[in-house]
Every structure is written in structure tokens, then in C-alpha cells.
Amino acid sequence: MKTSGLIVAGMLGVAWAAAANEVKLIGADEIRIYDQPGTYEFVPAATFEGARILVVGGGGCGGTTIGGGGGGGAVVTQTVDLVGGTTYTITVGSGGQRKYPDEPLVSVNQRYWSTGLSGGYSSLSGGDLAVVAPGGGGGGGCTDGSATAPSSDKAGLEGGNGGGGSQGGAAGGVVATEAWSSGHPGGVSVGYASGGGGGAGGDGVAGSNGQSGNGGPGVYCDITGENLEYGAGGGGGGGNSQQNGVAGGPSAGDGAVMSGKDPGQSGLDGRGGGGGGGSYNPATAGGVGGCGTVVIRYCLGGDDSLMVDGSPSA
């Protein structure tokens, strides 16, 4: 059930909240899904022990023109106790976008040959709980010809999982914060073969002779009632006589095919997948990253008094 606005005290144990984007009931479990970028609050009226949470950062954007794949957003799963009366703040990170908003998708001129931007952080915090999932790193792009830009944007950017390199560029590494210390790097670029973006389940693949790198795999989680994949890395874009790399999983985008007329594929929103890198001849843009998500699942204990007309809360 899609929701919006505020809800009233007493609905399924929630005191009040800026509504989740979707709430559903499976058996005795309520599942609150936040899968649109923004900030929300959730105040449980009762304490729920053993709640499951999923926090996924936004995926990185693929680079332009022989572009590296965007890194998948970090994926964090935990079992926690939600304390009644505590305000929990939820942030859903945006997917990484193209560096230049007016960047054309096909026949990109040198002014727009650039690295993709990294995805935004997602988080869940309140009381003693502080969970952070950094966004995926942007994929490297071919040289940037604008007068004010650096001479090269070929290296992938660091992130929860790093972006792939472009045209001989280095791979993006893993960002380290107090709340996050694991993840996977993107793949390095070898010559005109770009690297794939790192995924939550493994490293991005390096480019090799004749083949741009595939994205790193994501990870699966069934917290929503469906076993879905999150945080895969995007494939590297096809370079000069190089086959394009493919996405590391369903959440991410394939790299653009050389001599095709399409940009890299975009990552899926709500799944934190990285975008695929752009191609060469004609030059195409990278695909944007998919936004992240935060999911909270807890058991109501079969107490029908917490329900409103037998339906999930708004």
C-alpha cells in the first residue's frame, strides 16, 4: 500500500511518522519500505525486539565515453531492537547523476567527457542505533576538454563500492568512515577497455584486451517478502574495439555497446545499483545510479489491537 503524509497514533504500534513509501503486512510482521530519496522519521509506540533492517546507499553513475561502471551502493543488514518512543531518522540516498546536467546522451563532445557522480548515503539512526550505507562511487570518464576542468577524469571514484576506471584509469576504492569499513573496489581500465563498478557482493572486473569489465555482484535479501538483489556494480562501457561489460546483477546497468546509439543503462531505483558506463564512437553518456532504500521489518506479536480495520498502517 503506497502512502503519503502523516499517520496518527496507534496505527500498528507507530506513534507518528513521516509515512513510509510503502507499508505491508506479512503474517504478524509489518514491513516499512522507504525507497524514495529524502529524510523520514519513525517513532514506534512499543519496543520491538529482533527487528530486521536493510540500509542501501545510492548507486554511482557510470562515466561518459569509454566510461567505467558506477559502483553499487553499500548494503547493510542487521537485527536490532527498536525502542518504543525513540525517534528514528531515516535517510534514503539519491542515485549518482551525470556531472553536467545538460550533458547530451549521444554524440557527447569533449566538454562533457567526465566521471559520473557518486551516489548518496543512506542511514538509519536513533537512540543507540547508527547505521550508515555509503553510496557507490562514480565511474571514470574519458578526458575532460573544458578549459576549467582537470585534464583527466579517468579514475573511478571511491564509495561504499568503488567506480570502475576509464581509458587506463585507476579503479575507485572503498570509502572508510567510522560507521563503514567494508565494500569492494571497482575494476581498473586497461587501454580502451574500461573497468566495471564494484558491487556489494564482490569487486568490479578489470578491463582486458577486447573486453570492458563487468560490474561486481550485488547481494540478495528477502526482508520485503521477495528475495531481491541490491547494490550491484554497473558494467564498463565499450571502448575502441572493446566489448561492453555487463551489470553485476539485476539492480545495475550494462555498459553501453560500442558504436551503438544508447547511453549506459541506469541502475534500479530502490535497489542501489550502479549505472553502466558510456561508449565510444559515438560517445555516449553513462547511466545514472539507482537510489537507495531503507527497510524496517518487525513482528507485531499477533496483537490485533495494533491494527486498524485489519489493514497495514499508512
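**Close-up views of a predicted model**

**View A. A proline in a loop.** Pro282 sits in the loop between β11 and β12. The structure shown here, and in every view that follows, is a predicted model. The peptide bond that leads from Asn281 to Pro282 is cis, and its omega is near 0°. Most peptide bonds are trans, and most residues other than glycine have a negative phi. The strands on either side of this loop are β11, which covers residues 228–230, and β12, which covers residues 293–299.

**View B. The protein as a whole.** The protein has 12 strands and 0 helices. From the N terminus on, its elements therefore read β-β-β-β-β-β-β-β-β-β-β-β, each of them a DSSP run of strand residues. How many of the 314 residues count as buried? The share that counts as buried is 55% of the 314 residues.

**View C. The open sheet of 5 strands.** The strands of this sheet follow the order β2-β3-β12-β5-β6, and their pairing is antiparallel. At the edges stand β2 and β6 (75–82), each of which pairs on one side only. From one strand to the next, the twist averages 20°.

**View D. The hairpin of β2 and β3.** With 2 residues between them, β2 and β3 form a hairpin. Gly27 belongs to the turn and has a positive phi of about 60°. The two strands pair in the antiparallel sense, over 5 bridges. Within this pairing, Lys24 is placed opposite Ile31 of β3.

**View E. Strand β3 and its surroundings.** Strand β3 spans residues 29–34 and is mostly covered, with 6 of its 6 residues buried. Which residues lie on each face of β3? One side carries Asp29, Ile31 and Ile33, the other carries Glu30, Arg32 and Tyr34, and all of these residues are buried, so both faces are covered. Besides its pairing with β2, β3 is joined to β12 by 6 bridges, and these two strands run antiparallel. Ile31 of β3 stands opposite Arg297 of β12. Ile31 also stands opposite Lys24.

**View F. Strands β5 and β6 and the loop between them.** Strand β5, made of residues 48–56, is joined to β6 by 7 bridges, and the two run antiparallel. The bridge partner of Leu54 is Thr77 in β6. Ile66 belongs to the loop between β5 and β6. Phi of Ile66 is near 55°, which is a positive value in a residue other than glycine. Is Ile66 buried or exposed? Ile66 counts as buried because its relative accessible area is 1%, and the cut-off for buried is under 20%.

**View G. The loop between β9 and β10.** This loop connects β9 (129–133) with β10 (219–221), and Gln167 is found in it. Gln167, a residue other than glycine, has a positive phi near 45°. Ala171 also lies in the loop between β9 and β10. With a relative accessible area of 23%, Ala171 is partly exposed. The C-alpha atoms of Ala171 and Gly156 are 4.9 Å apart, although 15 residues separate the two along the chain.

**View H. The largest pocket.** Rolling a probe the size of a water molecule over the atoms shows where empty space is left. The largest pocket holds about 190 Å³ of space. Its lining consists of 14 residues, among which Glu22, Ile33, Asp35, Thr224 and Leu228 lie nearest the centre. Which strands each supply at least two residues of the lining? They are β2 (22–26), β11 (228–230) and β12 (293–299). By class, the lining comprises 7 charged, 4 nonpolar and 3 polar residues. Ile33, named above among the residues nearest the pocket centre, is also one of the buried residues of β3.

**View I. Two buried cysteines.** Cys221 has a relative accessibility of 8% and therefore counts as buried. Cys291 likewise counts as buried, because its relative accessibility is 3%. How many disulfides are counted in the model? The count comes to 0 disulfides, which means that no pair of cysteine sulfur atoms lies within 2.5 Å.

Technical notes. Residues are numbered from 1 along each chain as its sequence is written. This is a predicted model: local features need pLDDT of at least 70, side-chain atom pairs count only at pLDDT 80 or more; totals for chains, interfaces and linings use all residues. Side-chain values use heavy atoms; hydrogens and water are left out. Buried means under 20% relative accessible area, exposed over 50%, partly exposed in between (1.4 Å probe, protein chains only). On a 1 Å grid over the protein atoms alone, a cavity is a set of points where a 1.4 Å probe fits but cannot get out, and a pocket is an open set with protein on both sides within 12 Å along at least five of seven lines; lining residues have an atom within 4 Å of a point. Grid points are joined across faces, edges and corners, and a volume is the space filled by probe spheres set on the points. Helices (H or I, at least four residues) and strands (E, at least two) are DSSP runs, numbered from the N terminus. Ala, Val, Leu, Ile, Met, Phe, Trp, Tyr, Cys and Pro count as nonpolar, Asp, Glu, Lys and Arg as charged, and the others, Gly among them, as polar. Two strands pair if DSSP finds at least two bridges between them. Axes are lines fitted to C-alpha atoms, for helices over the stretch in contact, and angles run from 0 to 180 degrees between N-to-C directions.
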